[in-house]
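Reader: I should like to go through this model and ask, for each term applied to it, what the term rests on. Please show the sequence and the structure before we begin.

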Amino acid sequence: MKLVRFSTDDMPVRFGILDGETIAPLDAKMQDAREVIARWDELVPPKGADGRLGLGEVTLLAPIARPGKIFAIGLNYADHIAESQLGTPEHQVWFTKAPTAVNGPYDRIEIPSEPSAVDYEAELVAVVGKGGRDLTREQAAGAVFGYCVGNDVTERAWQHRTPQWALGKSFDTHAPIGPWITIAEGAGDPHALDIKSWVNGELRQSSNTSHLVFDIWDQIAHLSHAMTLEAGDLIFTGTPGGIGAAMSPRQFLQPGDVVRVEIEGLGFIENIAALRS
C-alpha cells in the first residue's frame with residue numbers, strides 16, 4: 001500500500017491510496033499530510049471502487065508538499081566518506097533542507113546561472129509518522145510512517161562557502177521526493193535495499209542501505225533527543241559514493257541532464273536539470 005499525492009486535468013490536487021496500478025482518491029478536503037498520516041488506519045482499506053483512477057491517468061506530485069522539518073545526514077556511507085577524503089564521523093553530522101526545496105518526482109531541478117555547481121545525491125527518505133521525543137533505538141521503527149525515494153540536490157559552491165551547509169542544500173527544487181510513500185509495513189527491511197542513481201543513463205551510484213554507518217533507528221533516536229519528531233517530517237538518510245563532485249574531472253549537472261534515482265521496492269524519481277528562469 002502506498003500514499004500518493006496527485007493531480008489530473010479536471011480534479012484538484014488531492015491524496016490517494018495506490019494499490020497496484022489503481023488509485024482510490026481520498027476526500028478532497030484532506031489537504032494536510034499530517035491529517036492523512038494520523039488517520040491512515042481508518043482510511044485503509046479504501047472503501048468502495050467508485051472514482052478510482054489508473055496510475056497513468058494522473059500526474060504524481062511530491063507526496064508531502066511542505067513538511068514541517070527536513071533533516072539530512074552527511075557522510076553516512078563508507079564509500080562516500082572515502083571519496084570525500086574525510087574520516088568516519090564519531091557523531092552524526094546533520095543539516096537541514098528548507099521545506100521550500102521540496103520538488104515533485106518528475107519535475108525540473110533548477111540550475112542557478114551563477115554560480116553553478118549543482119550535484120545529485122541519491123537517498124532513502126524516511127517519513128515520520130507517530131514520531132515523538134526522546135525515542136530509544138527500539139522505539140524508532142514505530143515512529144516511521146513510510147519511505148520514499150529522494151535526491152539531496154546540492155549547490156556545492158554555496159555548500160562549501162562556510163562550515164554551515166544549509167544554504168547550499170536548500171535551493172528551490174533541490175529536494176525531489178516520491179514517487180509515493182511506501183508504507184513501512186510494506187517496504188521490507190529498510191536496511192537491505194539497493195540504491196542507485198543515473199545521470200543521462202550512466203550509472204553513477206550503486207550501493208545498498210545495509211552500508212549505512214548510522215542506521216535509520218540510530219538516526220531517529222539521535223534526532224528525537226534534540227527535538228520532537230512530528231508526522232510528515234522527512235529524514236534523508238545519507239548518500240553512497242559516486243557523486244559528481246568526487247569524479248575527475250568533476251561532473252556537475254548541466255541544463256538538459258536527466259537524473260534518475262531508484263531504490264529497490266520503492267520506485268524511482270527522474271528529474272531533468274534546467275536553468276533557473
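Author: In this predicted model, 55% of the 277 residues of the protein chain count as buried.

Reader: Why is Thr154 called buried?

Author: Buried means under 20% relative accessible area. Thr154 has 0% relative accessibility, so Thr154 counts as buried.

Reader: Which residues are in contact with Thr154, leaving aside its neighbours within four places in sequence?

Author: Contact requires heavy atoms within 4.5 Å. On that basis Thr154 is in contact with Ala117, Val118, Asp119 and Glu121, and also with Gln159, Gly168 and Lys169. Thr154 itself is found in strand 13, which covers residues 154-155.

Reader: How many helices and strands are there in the protein chain, and what makes the chain as compact as a globular protein of that length?

Author: The protein chain has six helices and 19 strands. Its radius of gyration is 18 Å, and the globule rule gives 19 Å for 277 residues; the two values are close, so the chain is as compact as a globular protein of that length. Along the principal axes, its C-alpha atoms fill a box of roughly 55 × 45 × 30 Å.

Reader: What share of the contacts with a separation of 6 or more comes from residues 24 or more positions apart?

Author: Such residues account for 74% of those contacts in the protein chain.

Reader: What can be said of the accessible surface and of the positive and negative side chains?

Author: The accessible surface comes to about 12,200 Å², and 50% of it belongs to carbon and sulfur atoms. There are 23 positive and 37 negative side chains, with the centres of the two sets 4 Å apart.

How values were computed:
Residues are numbered from 1 along each chain as its sequence is written. This is a predicted model: local features need pLDDT of at least 70, side-chain atom pairs count only at pLDDT 80 or more; totals for chains, interfaces and linings use all residues. Side-chain values use heavy atoms; hydrogens and water are left out. Helices (H or I, at least four residues) and strands (E, at least two) are DSSP runs, numbered from the N terminus. Buried means under 20% relative accessible area, exposed over 50%, partly exposed in between (1.4 Å probe, protein chains only). The radius of gyration is taken over C-alpha atoms; the globule rule is 2.2 Å times the number of residues to the power 0.38. Accessible areas come from the Shrake-Rupley method with a 1.4 Å probe; for residues, only the protein chains shown count as cover. Lys and Arg count as positive and Asp and Glu as negative; His and the chain ends are not counted. The place of a charge is taken as NZ of Lys, CZ of Arg, CG of Asp or CD of Glu.
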